[in-house]
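This report introduces a protein chain to a reader who has not met it before. Please look over the sequence and the structure shown here before reading on.

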Amino acid sequence: MKICITLLFALLVSSFSFGQNQLCGTEMPQETLDWLKQIQQNPPPVKDARSGLLYVPIKFHIIGDDTGGQYYKKETLFAVLCELNDQFAASNFYFYKSGNINYIKNSNYYVGIGGSIMINTYNIEGHVNAYITGPIPGLCGYFTGGPKKGAVVLIKGCLGKGNSTFAHELGHYFSLPHTFNGWQSNPEFVNGSNCTTAGDFFCDTPADYLDYRWSCPYTGSKTDTLGDTIKPDHTLFMSYASDVCCTRFSGEQQTVMNINLTTTRNYLLNFSDPAMDPMGTSNLLKPIDGLSNIPVNQIILEWDPVTGAEEYHLVVKKQPNMVIIDVVTSNTKYYTSASGLLVGYTYEWKVKPMNAGNTCEDYSPEWTFIPGFASAIDDAVEDNSLFIYPNPVSSGQDLIVLINSYDFDNDATFQLYDVNGQVVMNQQVHFNQGENNVDLPELYAGVYFVRLYTDDKTYYKRIMILND
Ligand SMILES: [Zn+2]
């Protein structure tokens, strides 16, 4: 019981701190309202068109500032997506992340300037396009009908576990107005006698005149013109009740969303069903938990493959809670050397398996490691398939990379580090078997490390750079 109360309190606090004065910025397109009104008065013969789960692809766009800072964290996004599917379970909608997340660096978009240009520029056809931005004063999110079939925009402070903003905006996307729609111009009577032609046009959502955030249950005394006191339903996502109160769409709302998806928005249903098998958790392999003094240029995180996983989410945090690496990869190892890890700090890392339809598995237990100073690692791959010369080499001179391997994949990444693990050169290269030239930048004299890697191979070499 104590846990319940604590949890409830936490939810209330978060809902008030984010949501109390932050509203939805949606203006429902008039043509959508006309469509809805017509559907509600003349329901199609087969009103409930659903059969089985309806898989809806979402293209996520995460907005950061111009420097690529402030991005919404993937871990939260994946948890929110799982919760969203719980919220839509009764509707038989199933949303999934389609393809990679699109990251956009733009300080204007981040604060809500130029939203329609953003949507026009980045919308991907055949998807619900969802944009996650930084704070926009007074707003939690909005749906817009255009351009390019519209989008939902979600403010990151209103998008977390226990929030209803995402479900609410998707409700708009699939044609639902607010439950208080028309309360001033065309109000619904409490007795429901005009429910298909007034208010939100639904008969199983009671008259609601509350166009401000309210905590549930409603204890006020607003009346309709017949003198009946309103009894708004705080459980409905399309109301402005506090997030913690909202848990559902009404039956008629579900049916209309279903009709909308299978007619007006049936372009969303052109993909094959996503993989959504359960997968369990990942086992971490290397570096073993708690290992310290690992040369900072040699840290490769590795975990076991998981049956059914199409990709993995890797999170590396610098203690206590700063996310340094936040990547989704189809590999089961990750080279950290370009990630700016610092010598002597403790890092925690964890992994979870995912497939397109399932981002809901648990993360592995967290392991830790502590980087030490960079060191020579010529022994890592000592198979004579690669030589680098001259060595020592003068700063600014060309370096020759001689490749003897017949199966060398031509596209590779060439990186150069100093002894502190700082990347001083990072370049995509196209190497062939034989001699390949690399134009070195001007560098201080000293020991450096070359790492050349392809999808399936990594070569390390130590070189000495001299100043003339
Ligand atoms: Zn709204």
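## Asp228 and its surroundings

Asp228 counts as partly exposed because it has 13 C-beta neighbours inside 10 Å, where 12 or fewer would make a residue exposed and 20 or more would make it buried. The model described here is a predicted one. Asp228 lies in the loop that runs between helix 6 (165–173) and helix 7 (251–262), and, once residues up to four places away in sequence are set aside, Asp228 touches Val190, Asn191 and Thr223. Pro43, which is 185 residues from Asp228 along the chain, has its C-alpha atom 29 Å from that of Asp228.

Another part of the chain to follow is strand 11 (residues 311–318), which pairs with strand 14 (residues 347–354) and also with strand 12 (residues 322–329). Strand 11 is joined to strand 12 by a hairpin of three residues. The two pairings are set out below.

| Partner of strand 11 | Direction | Bridges | Residues standing opposite |
|---|---|---|---|
| Strand 14 | antiparallel | eight | His313 and Lys352 |
| Strand 12 | antiparallel | seven | Lys318 and Met322 |

For the chain taken as a whole, the secondary structure comes to seven helices and 23 strands, and the C-alpha atoms fill a box of roughly 95 × 45 × 40 Å along the principal axes. The chain has 468 residues, of which 36% count as buried. Among the contacts with a separation of 6 or more, 68% are between residues 24 or more positions apart.

How values were computed
Residues are numbered from 1 along each chain as its sequence is written. This is a predicted model: local features need pLDDT of at least 70, side-chain atom pairs count only at pLDDT 80 or more; totals for chains, interfaces and linings use all residues. Helices (H or I, at least four residues) and strands (E, at least two) are DSSP runs, numbered from the N terminus. Two residues are in contact if their C-beta atoms, placed from the backbone, lie within 7 Å. Two strands pair if DSSP finds at least two bridges between them.
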